[in-house]
Structure formats: C-alpha cells, structure tokens
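User: I've got a model open and I'd like to talk through how its sheets are put together. Can we go strand by strand?

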Amino acid sequence: MDRDETGPDTAADVSDDRVALGLALLERLEHESLPLPEVVDRIETVTTDPTVTRTILDEAELRGIVEREDGIIRPKSRQYVRFEQDVITKEGDFSCQRCGTGVSTGYFIDLDAGELGPFGSSCIRKVTGRED
C-alpha cells in the first residue's frame, strides 16, 4: 500500500502501518521538547495525510509516548536512534523521503515497526535530531 493512499476524508486506523511507523519514530525523538511543526516535519517522512498525522499524534499522547501542551511536544522515551546500530546505508538510485533530492547513498532507519527512508546525509541527521 502506498503511504498516502488513504484520502483526507478517511479516518485513519491505528492498525495502519503508517501509524505504527510514525509512533516508532516518535519513540525515538532525541529532544527534551520540540515545537509541533518540527514534529510534523518528521512525521511527514511517514505520511503527508493530515488525518494519519493527527492519528499518530493523538495515539502517541494516548500511549504515553509524548506529552502535548501549547504546541510543544515532549517525548517521554529516551530510546534514541543509534547510527551504528539503527541506521542502514544502501547504495543505489534513491529520492530522499524528506526533501526529494536524488541521492546515491540512502540512509534508512531500522525501527521495530519497519524501515523508514531513504534519506540523504543531511536529512537523516535532521530526522533523527542530530541537526536542527
């Protein structure tokens, strides 16, 4: 299934693979707090469907993965992406999942819910919180 196959009028199901992947990504945020737009920027690497994005945020709060207050997201987990273990590098012809730039080296985040990527070298740092 394409990540954005569901239309904006369709309610997102918490069993949706995109929801699971978004939750897994939010569990790995490497900040004390982030403004909502920065969190949405990361979620958009999973889906650009606003209904799914809202479901990911709501479910993350419900499950205690994050706290939300006044447009600020505070991750509760301290499980960060470890580059040596959780980032897979593949050579090929890729388009960065975040910015769309063509890259020959793709970086993929190996999460419990699945693989997220590919990303270019600067976008992988942005998505994992290693660069603002």
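User: How many bridges join E2 to strand E3?

Analyst: Keep in mind that this is a predicted model. E3 covers residues 72-75 and runs antiparallel to E2. One facing pair to look at is Glu67 opposite Arg74 in E3. As for the bridges joining E2 to E3, the count is four.

User: Which strands are the edge strands in the sheet with the order E1-E3-E2?

Analyst: That sheet is open, has three strands and pairs antiparallel. An edge strand here pairs on one side only. That description fits E1 (34-35) and E2 (66-69).

User: At about what angle to E2 does helix H3 run?

Analyst: H3 takes in residues 50-62 and lies across E2 and E3. The angle is taken between N-to-C directions, on a scale from 0 to 180 degrees. For H3 against E2, that gives about 110 degrees.

User: On to the other sheet. How many bridges join strand E4 to strand E5?

Analyst: E4 spans residues 87-95 and E5 spans residues 102-111, and the two run antiparallel. Among the bridge partners, Thr89 goes with Tyr107, and Ser95 goes with Gly102. The number of bridges joining E4 to E5 is seven.

User: Which residue in the turn of the E4 and E5 hairpin has a positive phi?

Analyst: The hairpin leaves six residues between E4 and E5. In that turn, a phi of about 85 degrees turns up, and the residue that has it is Gly100.

User: Through how many residues does a hairpin join E5 to E6?

Analyst: E6 is residues 114-119 and runs antiparallel to E5, with four bridges joining them. Across that pairing, Asp110 stands opposite Glu115 in E6. The hairpin joins E5 to E6 through two residues.

User: What does the twist average from one strand to the next in the sheet with the order E4-E5-E6?

Analyst: This is an open sheet of three strands with antiparallel pairing. Its edge strands are E4 and E6, each pairing on one side only. From one strand to the next, the twist averages 30 degrees.

User: Which helix lies across E4, E5 and E6?

Analyst: Look at residues 121-128. They form a helix running at about 25 degrees to E5. The helix lying across E4, E5 and E6 is H5.

Note on methods: Residues numbered from 1 in each chain as written. Predicted model: local features only at pLDDT ≥ 70, side-chain atom pairs only at ≥ 80, totals over all residues. Heavy atoms only, no water. Pairing = 2+ DSSP bridges. Contact = heavy atoms within 4.5 Å.
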